[in-house]
Amino acid sequence: MPTKIDAFELTRAGLSLEGCVPVVALSRLSSLLASGEGEVAWQIDGWRQRDAAGLEQLRLRLRASATLGLSCGRCLGVVHWPLEIDRGFLLATNEIQAGQIDDTEEELDVLVASRQFLVLELLEDEAILALPPASSHGHCDRPELSGRSTGSGQTASSTDELAPPSPFAALRSLKRKPSSW
Ligand SMILES: [Zn+2]
């Protein structure tokens with residue numbers, strides 16, 4: 001499984017890479033979870049396109065899915081939470097170029113990439129950013145530790161009564177860009 005790629009080659013050649021990594025292998029992410037079980041299915045696509053001014057852009061799209069084991073805020077048990085990532089990036093070769101791109105593009109993140117681009121590091125960063133600030137079981141046996149009777153809008157609810165779905169099944173549902181196939 002290629003985890004260290006040449007980001008510019010990926011975009012120049014219009015390639016797609018995909019893989020699956022155990023959650024425990026992402027140590028920064030798994031240190032934030034109640035359980036290190038499961039794996040993250042990921043795919044990264046690269047391509048080139050022209051912006052409105054006719055300048056060539058190098059684009060990356062990262063998609064990933066997993067079922068992560070978060071800690072329930074009420075009973076401290078494991079809450080199975082569906083992670084889904086679908087993010088677009090513009091590649092820059094250095095910080096100066098990244099600053100220039102930033103002025104014109106607002107909906108895409110600018111990524112300073114290199115020929116030794118670490119897919120799993122980007123994946124782990126995005127997964128950590130996607131984590132909810134709090135989580136609890138949808139039907140938790142225990143009362144909320146804080147004593148409040150209603151959950152806040154920031155609380156992610158889930159149920160762990162069902163078996164977690166395959167991360168690849170969820171990833172397939174994310175695949176919408178026809179050119180990646
Ligand atoms: Zn609970």
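Arginine 63, in strand E4, stands opposite aspartate 86 in strand E5 of this predicted model, and this pair belongs to an antiparallel arrangement in which E4 and E5 (residues 78-92) are joined over 13 bridges. The two strands form a hairpin with 6 residues between them, and in its turn leucine 76 has a positive phi of about 65°.

On the other side of the chain's path, E4 (residues 56-71) is also joined to strand E3 (residues 39-50), again in the antiparallel sense, by 10 bridges. Here isoleucine 44 stands opposite leucine 62 in E4. The hairpin of E3 and E4 has 5 residues between the strands, among which glycine 54 takes a positive phi near 85°.

These strands are part of an open sheet of 5 strands with the order E2-E3-E4-E5-E6, in which the pairing is mixed. Strand E2 (16-22) and strand E6 (109-112) stand at the edges, and because each has a single partner strand, one side of each is left without a neighbour in the sheet. Averaged over the sheet and with direction ignored, neighbouring strands are turned by 30° against each other. The parallel pairing of E5 with E6 extends over 4 bridges, and in E6 valine 112 is the bridge partner of alanine 92.

Helix H4 lies across E2, E3, E4 and E5, and runs at about 125° to E5. In soluble globular proteins, nonpolar side chains tend to be buried together. In this model, the largest nonpolar core has 32 residues, and those with the most contacts inside it are Val40, Ala64, Leu91 and Leu123. Helix H1 (7-13), E3, E4, E5 and H4 (119-130) are the elements that give two or more residues to this core, with E4 giving the most, 7 residues. Alanine 64 illustrates how distant parts of the sequence come together, since, leaving aside residues up to four places away in sequence, it touches Val40, Ala41, Trp42, Leu83, Ile85, Leu123 and Ala127.

A further position to follow is glycine 46, which is found in strand E3. Glycine 46 counts as buried because 26 other C-beta atoms lie within 10 Å, where the cut-off for a buried residue is 20 or more. When residues up to four places away in sequence are not counted, glycine 46 touches Leu10, Thr11, Gly14, Leu15, Arg59 and Leu60. Glycine 46 and leucine 62 are 16 residues apart in sequence, while their C-alpha atoms are 9.0 Å apart in space.

Definitions and conventions. Residues are numbered from 1 along each chain as its sequence is written. This is a predicted model: local features need pLDDT of at least 70, side-chain atom pairs count only at pLDDT 80 or more; totals for chains, interfaces and linings use all residues. Two strands pair if DSSP finds at least two bridges between them. A nonpolar core is a set of buried Ala, Val, Leu, Ile, Met, Phe, Trp, Tyr and Cys residues joined through C-beta atoms within 7 Å. A residue is buried if 20 or more other C-beta atoms lie within 10 Å of its own, exposed if 12 or fewer, and partly exposed in between; C-beta atoms are placed from the backbone. Two residues are in contact if their C-beta atoms, placed from the backbone, lie within 7 Å. Axes are lines fitted to C-alpha atoms, for helices over the stretch in contact, and angles run from 0 to 180 degrees between N-to-C directions.
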